[in-house]
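Q: Could you take a close look at the salt bridges here and walk me through how the charged side chains pair up?

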Amino acid sequence: MSLRAASLSTRSGLKAILAKRRGEPRRRFTIAHKLGHFLMAHHVPDQPGRFLCKGSDLLRVTAKAGDQRQRREVEVNRFAAPMLMPPYLLRGAMAAFREPNLQHVLVLARDFAVGKEAAARAYVQYHAERIAVVVAGNGRIQRCYRSLSFPDVVCGVGSPVPTGSLTHSSQHRPSTASDTAACSPDLWIDMKRDLRAPDLYEQVYLQQNGFGMILLRLDAVPEESAEERRLNEGWRHRFHSGRR
């Protein structure tokens, strides 16, 4: 994307925000993003009196160590999100959402007039379940947003969407959230040896432009009973000692 937004100083000292026409949700986020630059006194303009931001800056949630420009973009994105989706209103909206579902993300995007990705970030942050939303484009991972309790996703940015993912099913309808289905957890998360595998579920929302979102929900692993623990420990002991 080549989106740019610039601030202009007028003779009266007021600031103007220019945002290219990219749809109402994108313009609203651009304005909130740019306002954050103006209000944060330590932010240094790219040019005298002007902040110039690319479309990728509006999606930035992390910054490389020592990159001050990226750090500033992360700061203003954190400022813009609650401005457009006030936490007290967002919590009220989230109270109606129980089982994680990408349809909820679409509802939030509509009701708060924000982009689907901004709604997905908020949804992951405020939902009580262990969830993550992976943004994919043209078969590759673009970004990943996860709740604090969700483990790291092993598929890095730029890597292909795992072959076994529900994303590759031919039964998807564009712009329609799929049903939720169980998937192999090792497609997305690091599985530790000798530990019981958790249940992982996928749901997919594909758009006609080749982009889409993948919702991952991780269920808690039930605790082993004392009998199961005794049998497993005995099996591991025999295996590692060479006994059969």
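A: What follows is a tour of the salt bridges, with a linked group as the main stop. Keep in mind that this is a predicted model, where local features need pLDDT of at least 70, side-chain atom pairs count only at pLDDT 80 or more, and totals for chains, interfaces and linings use all residues. Residues are numbered from 1 along each chain as its sequence is written, and side-chain values use heavy atoms, with hydrogens and water left out.

A salt bridge here is a side-chain nitrogen of Lys or Arg within 4 Å of a carboxyl oxygen of Asp or Glu, and the count comes to nine.

Let's start with the network: salt bridges link D57, R69 and E73. On one side, D57 and R69 meet at 3.1 Å, N to O. That contact ties distant parts of the chain together, since D57 sits in the loop between α1 and α2 (68–84) and R69 in helix α2, 12 residues apart. Helices are DSSP runs (H or I, at least four residues), numbered from the N terminus. On the other side, R69 reaches E73 at 4.0 Å, N to O; these two are four residues apart in helix α2, so about one helical turn separates them.

As for exposure, buried means under 20% relative accessible area, exposed over 50%, and partly exposed in between (1.4 Å probe, protein chains only). D57 is buried at 2%, E73 is buried at 2%, and R69 is partly exposed at 26%.

Another pair is R27 with E24, at 2.6 Å, N to O. They lie three residues apart in helix α1 (residues 24–39), so about one helical turn separates them. R27 is partly exposed at 22%, and E24 is partly exposed at 42%.
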